Amino acid sequence: MKAQSERPLRVLVADDHPTNRAVIEIILDLVSAAAVSVENGQQALMAFKTEEFDVVLMDLQMPVMDGLTAIREIRKHEIATDRRRTPVLAVTANALSEHVAASKEAGADRHIAKPVTPELLLAAISAELERARAVVDEVRAKVRKTGS
Ligand SMILES: [Mg+2]
């Protein structure tokens, strides 16, 4: 799976459970994506502020800073720094509709239920990347229109 510029896709993976991180890393490796893994929301936020990612995979239940807080902080940071909106996928065992609503409200683009399978995860990432690209294309088209 490639980012827009043919460099490897860069994915931030936040999960406090080592096995969950390992599973996601193995799946990402199947498509030669580069994963940066962290153990809690605070580390995720720090990584997000210092590096560029194509996609963020965020567990919700984590110590130090939970995933919903980290997603809200990421969205605040994007607005404060005028950075493009990065697709954020909440990855969680909490699959009830109120949990889905809470992660959307926090700023997640999509909700993936655990256990994560390669098919589900890669399909979700690719759908979000396509959506993000469509938005970029739309903005470009508008800029071209107003520019000419
Ligand atoms: Mg967790």
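The legends below describe close-up views of a predicted model.

**View 1. The open sheet and its order of strands.** Five strands form an open sheet in the order S2-S1-S3-S4-S5, and their pairing is parallel. The edges are taken by strand S2 (34-38) and strand S5 (110-113), each of which has a single partner strand, so one side of each is left without a neighbour in the sheet. From one strand to the next, the twist averages 20 degrees.

**View 2. Strands S1 and S2 with the crossover that links them.** S1 and S2 run parallel and are joined by five bridges, and among the residues of this pairing Ala14 has Val38 in S2 as its bridge partner. Between the two strands the chain passes through helix H1 (residues 18-30), going from S1 to S2 in a β-α-β crossover that is right-handed. The loop between H1 and S2 contains Ser32, a residue other than glycine whose phi nevertheless has a positive value, near 55 degrees.

**View 3. Strands S4 and S5 with the crossover through H4.** Strand S4 (residues 88-92) pairs with S5 in the parallel sense over four bridges, and the bridge partner of Thr92 in S5 is Ala113. The chain leaves S4, passes through H4 and arrives at S5, and this β-α-β crossover is right-handed.

**View 4. Helices H2 and H3 against the sheet.** H2 lies across strand S1 (10-14), S2 and strand S3 (55-59), and its direction runs at about 160 degrees to S1. H3 also packs on the sheet, where it touches S1, S3 and S4, and its direction makes about 150 degrees with that of S3.

**View 5. The packing of H2 with H3.** Helix H2 (residues 41-50) packs with helix H3 (residues 67-80) at an angle of about 20 degrees, and their axes are 9 Å apart. Because this angle falls under 35 degrees, H2 is roughly parallel to H3. The crossing of H2 and H3 is right-handed. On the side of H2, the contact is made by Gly41, Ala44, Leu45, Phe48 and Lys49, while H3 contributes Gly67, Thr69, Ala70, Glu73, Ile74 and His77. By class, the residues of this contact of H2 with H3 divide into five nonpolar, four polar and two charged.

**View 6. The packing of H3 with H4.** Helix H4 (residues 97-106) and H3 have axes that come within 8 Å and cross at roughly 25 degrees, and the two helices are therefore roughly parallel to each other. In this contact Leu68, Ile71 and Arg72 of H3 meet Ala102, Ser103 and Ala106 of H4. The contact of H3 with H4 has, by class, four nonpolar, one polar and one charged residues.

**View 7. The cis peptide bond after S5.** Lys114 and Pro115 are joined by a cis peptide bond, for which omega is about 0 degrees. Pro115 has its place in the loop between S5 and helix H5 (118-147).

Methods
Residues numbered from 1 in each chain as written. Predicted model: local features only at pLDDT ≥ 70, side-chain atom pairs only at ≥ 80, totals over all residues. Axes fitted to C-alpha atoms, helices over the stretch in contact; angles between N-to-C directions. Parallel < 35°, antiparallel > 145°, perpendicular 65-115°, else oblique. Left-handed = near helix turned anticlockwise from the far one by under 90°. Contact = placed C-beta atoms within 7 Å. Nonpolar A, V, L, I, M, F, W, Y, C, P; charged D, E, K, R; others polar. Pairing = 2+ DSSP bridges. Right-handed = clockwise from strand over helix to strand, strands pointing away.
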